[in-house]
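Work through the exercises below with the sequence and the coordinates open beside you, and try each task before reading its solution.

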Amino acid sequence: MAKKEKKKDLNRRAFIDRGFRFSIGLGLTGLGVGLYKRSRAKEYVWQLDPAKCIQCGRCATSCIMTPSAVKCFHVYDMCGYCDLCGGYFRPEAKNLTTAAENQLCPTAAIERKFIEEPFFEYHIIEELCIGCAKCVKGCGAFGNGSLQLQVNHRLCVDCNECSIARDCPADAFERVSIDSPYIFAGFSKEENKS
Amino acid sequence: MNRRQFISSIGRGTIFTGLAALSGVLIYRKSKITEPCNFDFVCRDCRKLNSCKQPEAVIFKRNKNKKSA
Amino acid sequence: MKKKIATILLLAIISLQVYNIYAIQRFPKPEFESGHTQPPTVTPDPRAQALDILDTFVLVAALSVVTWLVIKKRSRKGVFWMSVFAVLYFGFFREGCICSVGSLQNITLALFNPEYSIPLTAIAFFILPIVYTLFFGRTFCAGVCPLGTLQDIFALKPMSIKTWLEKVLGIIPFIYLGLAILYAATSTDFIICRYDPFVGFFRFDATFMMFSIGGVLLLTGIFIARPYCRFLCPYGALLNLVSRFSKKHITITPTECIQCRLCEDSCPFEAIDKPVLLKEKEERPIAVRRFLMYTIIIPVLILIGGYTGSQFHENLASVNTKVRLANELLNETNYGETEQEAFEITAFKAAGQSKEELYNEVAAIIKKFYIGGWILGGFIGLVFGLTLVSLTIFKYREDYTPNKGTCLSCARCVDYCPVLPEVKTELQ
């Protein structure tokens with residue numbers, strides 16, 4: 001009889017214990033969810049700042065993805081639609097045709113389309129681009145700088161520590177808010193005025 | 001409950017509290033980080049600058065203060 | 001006409017050798033007469049955030065299932081299939097990132113650098129396995145960690161190694177842990193991620209170096225089971241400590257040990273403690289004296305370790321990119337390049353920071369490394385001391401029991417035990 005009573009007593013204690021644990025767990029979960037919602041908007045992703053980029057070409061080789069998740073992006077807003085495009089043609093190109101020996105891009109990832117005299121529209125074939133920054137350098141040196149390197153977030157696996165960031169000599173990689181995951185360098189104010 | 005179990009349960013409690021405190025601190029800090037800002041050359045004078053915690057912005061603000069002083 | 005003007009303009013610019021000036025509107029945007037509309041710049045969205053939450057859910061689910069399989073079901077087969085799942089999901093599908101082993105660096109960075117906005121998944125991946133370990137032993141290692149489970153599948157012909165070697169090699173994870181924390185705290189590098197041996201396999205893509213290290217580890221793992229987990233993994237070192245306090249832990253026998261010794265050699269990780277009989281215990285006074293002596297040695301070891309660590313702080317700091325840059329600038333070594341200016345130096349000049357500012361910044365970093373060197377060295381001294389002390393402690397035990405620290409809860413030993421679990425005779 002005594003044994004039975006003891007067992008019952010234990011059961012009650014276990015019940016209170018369990019209820020206590022359960023309520024603590026519930027409270028902690030609630031707190032977690034609340035804080036989670038508040039901090040969710042502050043997730044970051046890797047991106048490279050074109051203003052700092054020196055077009056060294058390491059983006060093509062340092063990324064853990066092959067080909068690299070860094071691609072050349074064409075900011076059409078800034079493009080001058082030049083015929084003689086510094087990003088498209090090699091500096092020593094003999095004639096301005098689309099022949100491969102005239103093209104700067106090693107993988108022929110830039111195609112161009114005639115719009116109207118004398119404008120051409122340039123388009124980057126993402127699948128072919130390896131992120132070597134040759135065209136970016138050419139366009140920045142001779143043109144408007146409308147070709148810019150960016151991390152393509154469809155391809156980027158968002159490593160814990162970006163392996164390009166580690167190798168980037170210009171420290172151009174940074175974490176940016178997931179709400180505005182691309183940084184394009186625009187014209188600075190002085191140049192716009194002139 | 002023998003002595004070994006007692007020590008073990010104290011240790012467990014301590015670690016658990018420590019973990020709870022750690023995650024609490026981290027999430028609290030994260031929730032306190034103000035609106036994200038991309039500190040680049042176009043936004044050097046934007047109104048977010050004061051609260052901007054990007055390393056470049058911190059250096060920029062320090063230099064600005066030095067110059068004005 | 002316009003074309004000509006554009007060409008002339010371009011030629012003029014080329015002849016001026018204006019170089020590397022970014023984003024200057026040299027050519028105004030044309031106004032098209034043919035009504036051509038400019039296409040938008042395509043910017044693909046980042047990975048949906050929902051998938052991050054999914055990762056955390058899968059982690060919790062996998063941890064719960066493995067724990068249940070280990071503690072309640074006592075099924076090695078189940079744990080094995082969970083291992084396969086972990087390799088497939090966290091390994092090949094998520095490509096080894098995010099992982100708990102690396103997350104400890106995010107936590108450290110966030111602690112030392114409040115401005116760093118740590119991903120919530122990183123917090124979850126760090127905390128959850130520790131909590132599970134705190135209550136149920138290292139079930140995370142058994143069937144959730146993709147690095148561990150990959151090696152587990154490869155552990156085909158495990159051999160035993162000498163106990164002293166096991167103990168000595170067992171110190172390495174703590175040194176690795178200390179180094180990882182030092183480098184993450186000084187925001188220098190995430191060395192665990194950098195030297196992750198298996199992530200290259202998961203991504204089918206790695207440098208030759210990484211492939212060979214991973215390959216060597218996997219091949220060694222055929223004979224010496226899970227070499228990375230036992231002798232390198234820094235997160236394993238943490239779990240080892242935490243697991244000692246675990247509430248429930250896998251037991252070899254479901255009820256009572258019958259001393260049949262069948263399980264004796266069943267553990268590929270040498271994590272089964274053999275019974276220590278009272279007879280074998282040393283004479284008490286001698287044991288106490290030895291214990292006291294080693295306890296006195298510990299502070300001495302900490303001091304020696306700390307001093308040695310602080311002497312190496314400049315070597316430790318030279319990994320930091322800023323420190324390296326300052327070194328190269330001071331010695332004018334140009335990163336060993338002879339043909340052209342190194343990219344780092346070009347970028348430094350372009351950034352407009354003065355050398356003095358850089359040197360001041362670097363001096364602060366080196367000072368951090370000096371303090372860090374003391375702490376790291378002291379920590380290593382402490383680990384050495386505690387390992388020594390642990391060799392002198394004999395816990396009296398009658399049965400074969402898994403060592404709570406080193407046992408990975410893989411449940412292999414369970415199949416060797418002939419004792420049947422108590423059959424519940426409750427009426428259905």
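The exercises that follow concern a predicted model, and they deal with its chain interfaces, its salt bridges and some of its buried elements.

**Exercise 1. Describe the contact between chain A and chain C, and state which element of chain A gives the most residues to it.**

Step 1. Begin with the extent of the contact, which takes 66 residues from chain A and 60 residues from chain C; the area buried between the two chains is about 5,500 Å², and carbon and sulfur atoms give 57% of it.

Step 2. Turn next to the specific pairs: 15 residue pairs are in polar contact between chain A and chain C, counting those with both residues at pLDDT 80 or more, and 3 salt bridges are found across this interface. In one salt bridge the side chains of Arg58(A) and Glu344(C) meet, at 2.9 Å from N to O.

Step 3. Assign the chain A side to its elements, where those giving two or more residues include α1 (2–40), β3 (110–116) and α3 (134–142) of chain A. The element that gives the most is α3(A), with 6 residues.

Step 4. Sort the side of chain A that touches chain C by class, which yields 34 nonpolar, 16 polar and 16 charged residues.

**Exercise 2. Describe the contact between chain C and chain B, and find how many salt bridges are counted there.**

Step 1. This contact takes 24 residues from chain C and 16 residues from chain B, and the area buried is about 1,900 Å², of which carbon and sulfur atoms give 73%.

Step 2. Three residues, Glu115(C), Leu134(C) and Phe245(C), supply 27% of the area that chain C buries against chain B, more than any other three residues.

Step 3. The count of salt bridges between chain C and chain B is 0, whereas 5 residue pairs are found in polar contact across the interface, both residues being at pLDDT 80 or more.

Step 4. On the side of chain C that touches chain B, the elements giving two or more residues are α4 and α5 (120–136) of chain C, and α5(C) gives the most, with 8 residues. The residues of this side divide into 18 nonpolar, 2 polar and 4 charged.

**Exercise 3. Examine the surroundings of Arg412(C), and decide whether this residue counts as buried or exposed.**

Step 1. Locate the residue, which is found in the segment after β2 (401–402) of chain C.

Step 2. Compare its relative accessibility with the cut-off, buried meaning under 20%; since Arg412(C) is at 16%, it counts as buried.

Step 3. List its contacts, leaving aside neighbours within four places in sequence: they are Arg76(C), Asp152(C), Ala155(C), Pro268(C) and Phe269(C). With one of these, Asp152(C), the side chain of Arg412(C) makes a polar contact of 3.1 Å.

Step 4. Follow Asp152(C) onward, for it also forms a salt bridge with Arg76(C), the closest N and O atoms being 3.0 Å apart. Because Asp152(C) lies in helix α7 (residues 146–154) and Arg76(C) in helix α3 of chain C, the pair ties together parts that are 76 residues apart in sequence. Asp152(C) is buried, with a relative accessible area of 3%, and Arg76(C) is buried as well, with 11%.

**Exercise 4. Determine which parts of chain A are tied together by the salt bridge between Arg112(A) and Asp83(A).**

Step 1. The structure holds 19 salt bridges over all chains, and in this one the closest N and O atoms of Arg112(A) and Asp83(A) are 3.1 Å apart.

Step 2. Arg112(A) lies in strand β3 and Asp83(A) in the loop between β2 and β3 of chain A, so the pair ties together parts that are 29 residues apart in sequence. Both residues are buried.

Step 3. As a further case, salt bridges link Glu161(A), Arg166(A), Asp189(C) and Arg194(C) in a network.

**Exercise 5. Establish how far strand β1(A) is covered, and identify the strand with which it pairs.**

Step 1. Of the 5 residues of β1(A), 5 are buried. Tyr44(A), Trp46(A) and Leu48(A) are on one side, with Val45(A) and Gln47(A) on the other, and both faces are covered.

Step 2. The pairing partner is strand β6 (residues 173–177) of chain A, which β1(A) joins in the antiparallel sense over 5 bridges; within β6(A), Val176(A) is the bridge partner of Val45(A).

Note on methods:
Residues numbered from 1 in each chain as written. Chains lettered and ligands numbered in written order. Predicted model: local features only at pLDDT ≥ 70, side-chain atom pairs only at ≥ 80, totals over all residues. Heavy atoms only, no water. Helix = DSSP H or I, 4+ residues; strand = E, 2+ residues; numbered from the N terminus. Buried < 20%, exposed > 50% of the residue type's maximum accessible area, 1.4 Å probe, protein only. Polar contact = N/O pair within 3.5 Å; in protein donor to acceptor, adjacent residues only side chain to side chain. Contact = heavy atoms within 4.5 Å. Buried area = accessible area lost by both parts, 1.4 Å probe. Salt bridge = Lys/Arg side-chain N within 4 Å of Asp/Glu carboxyl O. Nonpolar A, V, L, I, M, F, W, Y, C, P; charged D, E, K, R; others polar. Pairing = 2+ DSSP bridges.
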